[in-house]
Amino acid sequence: MPRFTIRPCHQLLPLLCTGLRIPQLSIAGTHSRPRAMAISSSSWELPLVAVCQVTSTPDKQQNFETCSELVREAARLGACLAFLPEAFDFIARDTTGTLHLSEPLSGNLLEKYTQLARECGLWLSLGGFHERGQDWEQTQKIYNCHVLLNNQGSIVAAYRKTHLYDVEIPGQGPMHESNSTMPGPRLEPPVSTPAGKIGLAICYDMRFPELSLTLAQAGAEILTYPSAFGSVTGPAHWEVLLRARAIETQCYVVAAAQCGRHHEKRASYGHSMVVDPWGTVVARCSDGPGLCLARIDLNHLRQLRQHLPVFQHRRPDLYGNLGHPLP
């Protein structure tokens, strides 16, 4: 059985952060249950979210067992919503393998996750499902689909990644996502959840502030960037991009990440985190599979937007609207 560690969340500024510190815990083993550090009674009333970090492989069943164990632990710790990273279902060795392992949303794998959500009684952000869409027979390509399930296991939103990762980074190897994947046709309006209104995105989308600003102007309070960042771009750009998206939109940013070596051809950076609207990292995973927890304080978000009303100060008469209104 694989072993996991719950990584401690970081509270950097007491008045601005809502992360919950939890000592390290091995899920598989005989260690005692985690005991939370001192926290005010009012903080306990805030919704708790869990950010899961995994190392997906081409083995779909093993990946499901890994993810389901983390989701069950998140539910036991009181989370109302658990976030899984991009490619939580699998990471194949090549394009042929990716297409072969892909499934429709009505397939067996997603059915397992709908059952898991019902059993655990929490919402699931499935950060990047390799989806055979309705046009599979014509295109023989898939979608990178971020699926949001409610605690009854119903699909409440499905966002298909709009920015495909076709790049060649020295030292990281070429990536041509469009070889196997179709770009999504639209953004999805933010969805009301027990933690707040969530705007859906995936990985490379974080490099396009127009997307995050559009979601924020449509009412998003939490932006999600489930990812599989590489070992070169990760140390250079991962945290600074996430903090920038949080600061400019005055939203929480939740980024569940792949970590470690998936197979001989690919590895990911990890460092899953939650950033608050001030740009403070309030929860972070370190190395290896595991999860971190954070409380979402929407009163803090509203007060920040009131004190620093950047959206009221925008000048579209000078530079236009960076994002188009969502339906």
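This is a selection-by-selection tour of a predicted model.

**Whole chain**

Start with everything displayed. The chain has nine helices and 18 strands. Of its 327 residues, 55% count as buried. Among contacts with a separation of 6 or more, 71% are between residues 24 or more positions apart.

**Strands β3, β4 and β5**

Select residues 81-84, which form strand β4. Leu-81 and Phe-83 point to one side of β4, while Ala-82 and Leu-84 point to the other, and all of them are buried.

Add residues 48-53, strand β3, which pairs with β4 in the parallel sense over three bridges. To find the register, look at Val-51, which stands opposite Phe-83 in β4. Between β3 and β4 the chain passes through helix α2, and this β-α-β crossover is right-handed.

Next add residues 123-131, strand β5, which runs parallel to β4 and is joined to it by four bridges. Here the register can be read from Ala-82, which stands opposite Leu-124 in β5.

**Helix α2**

Select residues 60-76, helix α2. Does the helix have the length expected for its residue count, or what length does it have instead? At 1.5 Å a residue, its 17 residues should span 24 Å, and the end C-alpha atoms are 24 Å apart, so the two values agree.

The buried residues of α2 include Phe-64, Cys-67, Leu-70, Val-71 and Ala-74. Polar and charged names also appear among the buried residues, including Lys-60, Asn-63, Glu-69 and Glu-73.

Now look at the ends. Asp-59 caps the N-terminal end of α2, with a side-chain oxygen 3.2 Å from the backbone nitrogen of Gln-61. After the helix comes Gly-78, which has a positive phi, near 100°.

**Strand β18**

Select residues 290-295, strand β18, in which six of six residues are buried. Gly-290, Cys-292 and Ala-294 point one way from β18, and Leu-291, Leu-293 and Arg-295 point the other way.

Keep β3 on screen. Strands β3 and β18 run antiparallel and are joined by six bridges. Within this pairing, Val-49 stands opposite Ala-294.

**The nonpolar cores**

Hide the ribbon and show side chains. The largest nonpolar core holds 49 residues, and the members that touch the most others are Tyr-225, Trp-238, Leu-242 and Val-274. Centre on Leu-242. Beyond its neighbours within four places in sequence, Leu-242 is in contact with Met-206, Tyr-225, Val-253, Ala-255, Met-273 and Val-275. A second, separate core has 29 residues, including Ala-74, Leu-84, Leu-122 and Leu-149. Two of these names have come up already: Ala-74 is in α2, and Leu-84 is in β4. In soluble globular proteins, nonpolar side chains tend to be buried together.

**Loop residues**

Four loop positions remain.

Select Ser-272, in the loop between β15 (266-269) and β16 (273-275). Is Ser-272 buried or exposed? Its relative accessibility is 0%, so Ser-272 counts as buried. Its C-alpha atom is 7.5 Å from that of Cys-52, although the two are 220 residues apart along the chain. Contacts of Ser-272 outside four places in sequence include Val-51, Cys-52, Trp-238, Ala-255, Arg-284 and Cys-292.

Move to Asp-276, in the loop between β16 and β17 (281-284). Asp-276 has a relative accessible area of 0% and is therefore buried. Its side chain reaches the backbone nitrogen of Trp-278 at 2.9 Å. From Asp-276 to Ile-222 the C-alpha distance is 9.0 Å, with the two positions 54 residues apart in sequence numbering.

Select Thr-181, in the loop between β9 (173-176) and β10 (191-193). With 5% relative accessibility, against a cut-off of under 20%, Thr-181 counts as buried. The side chains of Thr-181 and Ser-180 make a polar contact of 3.2 Å. Leaving out residues up to four places away in sequence, Thr-181 touches Lys-141, Ile-142, Tyr-143, Asn-144 and Leu-164.

Finish at Phe-208, in the loop between β11 (196-200) and α6 (209-217). Why does Phe-208 count as partly exposed? Its relative accessible area is 24%, and the partly exposed class lies between 20% and 50%. The C-alpha atoms of Phe-208 and His-163 are 8.6 Å apart, and the two residues are 45 residues apart along the chain.

Notes:
Residues numbered from 1 in each chain as written. Predicted model: local features only at pLDDT ≥ 70, side-chain atom pairs only at ≥ 80, totals over all residues. Heavy atoms only, no water. Core = buried A, V, L, I, M, F, W, Y, C linked by side-chain atoms within 4.5 Å. Buried < 20%, exposed > 50% of the residue type's maximum accessible area, 1.4 Å probe, protein only. Contact = heavy atoms within 4.5 Å. Helix = DSSP H or I, 4+ residues; strand = E, 2+ residues; numbered from the N terminus. Pairing = 2+ DSSP bridges. Right-handed = clockwise from strand over helix to strand, strands pointing away. Expected span 1.5 Å × (residues − 1). Polar contact = N/O pair within 3.5 Å; in protein donor to acceptor, adjacent residues only side chain to side chain.
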